[in-house]
Amino acid sequence: MSDLTQQEALFTYTLRLADNALILGHRLSEWCGHGPFLEEDIGVINTALDLLGRCRMLYSYAGEVEGKGRDEDDLAFHRDEREFTNYLLMEQPKGDFAYTTIRQFYADVWNLHFYTELCNSKDETLAAIARKVVKECRYHFRHNAEWVKRLGDGTEESHQRMNDAIAEASRFVNEMFEMDEVDQVMVDAGVGVDLNVVKEKWIASVDQVFADATLQRPEPEYDRSGGRKGLHTEQLGFLLAEMQYVQRCHPGLQW
Amino acid sequence: MVDQYLPLWEVFVRSKRGMDHKHCGSVHAADAEQALQYARDVYTRRSEGNSIWVVEATHIVASQPDDQEAFFEPADDKVYRHATFYDVPADVKHM
Amino acid sequence: MTPQDQVVDIDALEKEFQERIDAEKKIEPKDWMPEAYRRTLIRQISQHAHSEVVGQLPEGNWITRAPSLRRKAILLAKVQDEAGHGLYLYSAAETLGSSREQMIDDLHAGKAKYSSIFNYPTLSWADVPAIGWLVDGAAIVNQVALCRTSYGPYSRAMIRVCKEESFHARQGFEGMLALARGNEAQKKMCQDAINRYWWPALMMFGPSDAESPNSAQSMKWKIKRFSNDELRQKFVDQTVPQIEYLGMEVPDPDCKWNEERGHYDIGEMPWEEFFAVIKGHGPCNHERLQARQKAHDEGNWVREAALAYQKKQADKKQSVA
């Protein structure tokens, strides 16, 4: 039996999902005004807005579950690096458009399968959020799968850039399927999702799109992990410094 | 470096079921699927539609302003095609 | 046809064109139009489009630093709208036979202008709501007038833009109000942003009527419906009371209500600065163009790949058929 209460587990579980959405959305929003052409600039921001909306719902719910009166902004702006629980992949710098595409695609596939499963959660709030989110995920997946194909099977340069991006991202992939105590408590309670199931589907979806894109998914030489324990790469600190600075300079104010 | 530009597509959006698709602008995209996605991203951000058509601009055949007289003016004198042409006494119902 | 006949023909066409405009009938893309009308429109619409796209940059600076998730979402949606509006406007200009590539090339080469307001830096969070309220507020005054412009596609784009922009100025004012009701640091930020953006916002309406050489012709063609000074006055009249509502000061000691005119008088505009910024010597001209050029250049391989993929797919289809 775990020492973790169900409430604590649910809080952490929800917080992790929120952190992933916030940090990934943050990286994506860095493209605003700098996209490869105007249409894609707008498209990228639609996805970033979806992620931002998602993190707000999840933070609000996490705050509610925790019951200490923390709201979405307390959770987003007043926690330090060691308290953030997103996967390492999400916090990596946006890189070139190939890296952004691969990272986003990996996350989209994960989100699509994860939230599809989460629709069956016994926690009604999470299930309701999942039912909303999964619709967004389907579009994100479609949009980025198309980009993976275009860049993978486009020009020699784009193919090379995609291979570089895949190599660069590969060490962060397996972290997304690790199960820890929180996951186990949530799965046992019928609230959470078995990430082994997500992994199987993730691999199948990625491989299918990669086949069309003339790309290959390498087995990583080694895995990096630790995001969920707050053991991040050095990138997150800079991201948070930028994101949180106004709130931290002027705490407790209305904006 | 040769600058690369994407072709132009015209976008038609149906605002709700039962309505016509209406021209609302254009996007640049490399192919049909991309044009469709960008039409969605650009022209339905505020729930403006539930169905989209895109067509590559070069495929549209349009009448010319010079056709104006020959095409459209012959219809002008066919007033008998309009209901208001006919006098029906006011006490006749359901006309 | 002798050259003489041609001259007569053009005169007749021009007369017919002007009659159509005087009758408040819209000009549509394939209609005959004087070359100068076409050129003026391409210049004005593309300049307007560039302004929207370059205009993403100053506020975009703050997306990653917005002080709350709510403000971040609003800002992101707002800046995205600017990109959308740029796109609608490029579309409208393309109906006149100008291509987007040509327009973008002209922007990057410094041949095309964009609104000088976007050459000012955003130095504190308060600049974001200040831009939404003052800059979008000024733009809306201009754009509402342009909804009735004589060229159909431009008019339609403006109607769409105005519909979408109605939230921009409101969210800006709401953001300023939050600062004005906040602590000393926030109030200071708020006033400072007003101080820096007031004159540049007024200058968005362009030079005074006396110094605006193209205005008369544009008015005759009903591309423009109101003069620069008329629109500027309208903006001043609606904005001064809003500044007072915020409890802030108008950074112009000569700004006073003129009972006789029924308008606010304003002091001498800093025209020297205005023309310097137009010439490219403003605080951020260099950075703005550099950022746009960089995005475009770095996007080249992406566009190239998308086109190459399309071609491969089309060839495949061909060979199957």
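Helix 6 of chain A bends by about 25° at A:Val133. The model in which this bend appears is a predicted one. The helix covers residues 124–152, which gives it 29 residues. From its first C-alpha to its last it reaches 40 Å, close to the 42 Å expected at 1.5 Å a residue. At the start of helix 6 of chain A, A:Asp123 offers a side-chain oxygen that comes to within 3.2 Å of the backbone nitrogen of A:Thr125.

Helix 6 of chain A also takes part in a packing between chains. Two packed helices are described by the angle between their axes and the distance between the axes. For helix 6 of chain A and helix 12 of chain C, which spans residues 285–320, the angle is about 90° and the axes lie 8 Å apart. Because angles of 65 to 115 degrees count as roughly perpendicular, helix 6 of chain A is roughly perpendicular to helix 12 of chain C. On the chain A side, the residues that meet the partner helix are A:Trp147, A:Lys149, A:Arg150 and A:Leu151. Helix 12 of chain C meets them with C:Trp301, C:Val302, C:Ala305, C:Ala306 and C:Tyr309.

Another packing lies within chain A. Helix 1 (residues 6–29) and helix 5 (residues 97–118) of chain A pack at an angle of about 150°, and their axes are 12 Å apart. These two helices of chain A are therefore roughly antiparallel to each other. Helix 1 of chain A passes helix 5 of chain A in a left-handed crossing. Helix 1 of chain A contributes A:Tyr13, A:Leu17, A:Leu24, A:Arg27 and A:Leu28 to the contact. Among the residues they meet in helix 5 of chain A are A:Trp110, A:Phe114 and A:Tyr115. An α-helix has 3.6 residues a turn, so residues three or four places apart point the same way.

Chain C can now be taken as a whole. It has 12 helices and 2 strands, and along the sequence chain C runs α-α-α-α-α-α-α-α-α-α-β-β-α-α. The C-alpha atoms of chain C fill a box of roughly 70 × 60 × 35 Å along the principal axes.

Within chain C, helix 4 (residues 69–94) packs with helix 6 (residues 127–146) at an angle of about 40°, with the axes 12 Å apart. That angle makes helix 4 of chain C oblique to helix 6 of chain C. Helix 4 of chain C passes helix 6 of chain C in a left-handed crossing. Here C:Leu75, C:Lys78 and C:Glu82 in helix 4 meet C:Val128, C:Ile131, C:Gly132 and C:Asp136 in helix 6 of chain C.

Methods. Residues are numbered from 1 along each chain as its sequence is written. Chains are lettered from A and ligands numbered from 1 in the order in which they are written. This is a predicted model: local features need pLDDT of at least 70, side-chain atom pairs count only at pLDDT 80 or more; totals for chains, interfaces and linings use all residues. Side-chain values use heavy atoms; hydrogens and water are left out. Helices (H or I, at least four residues) and strands (E, at least two) are DSSP runs, numbered from the N terminus. The expected span of a helix is 1.5 Å times one less than its number of residues. The bend at a residue is the angle between axes fitted to the seven residues ending there and the seven starting there. A polar contact is a pair of N or O atoms within 3.5 Å; within protein, one must be able to donate a hydrogen and the other to accept it, and residues adjacent in sequence count only if both atoms are side-chain atoms. Axes are lines fitted to C-alpha atoms, for helices over the stretch in contact, and angles run from 0 to 180 degrees between N-to-C directions. Angles under 35 degrees count as roughly parallel, over 145 as roughly antiparallel, 65 to 115 as roughly perpendicular and the rest as oblique. A crossing is left-handed if the near helix is turned anticlockwise from the far one by less than a right angle, and right-handed if clockwise. Contact means heavy atoms within 4.5 Å.
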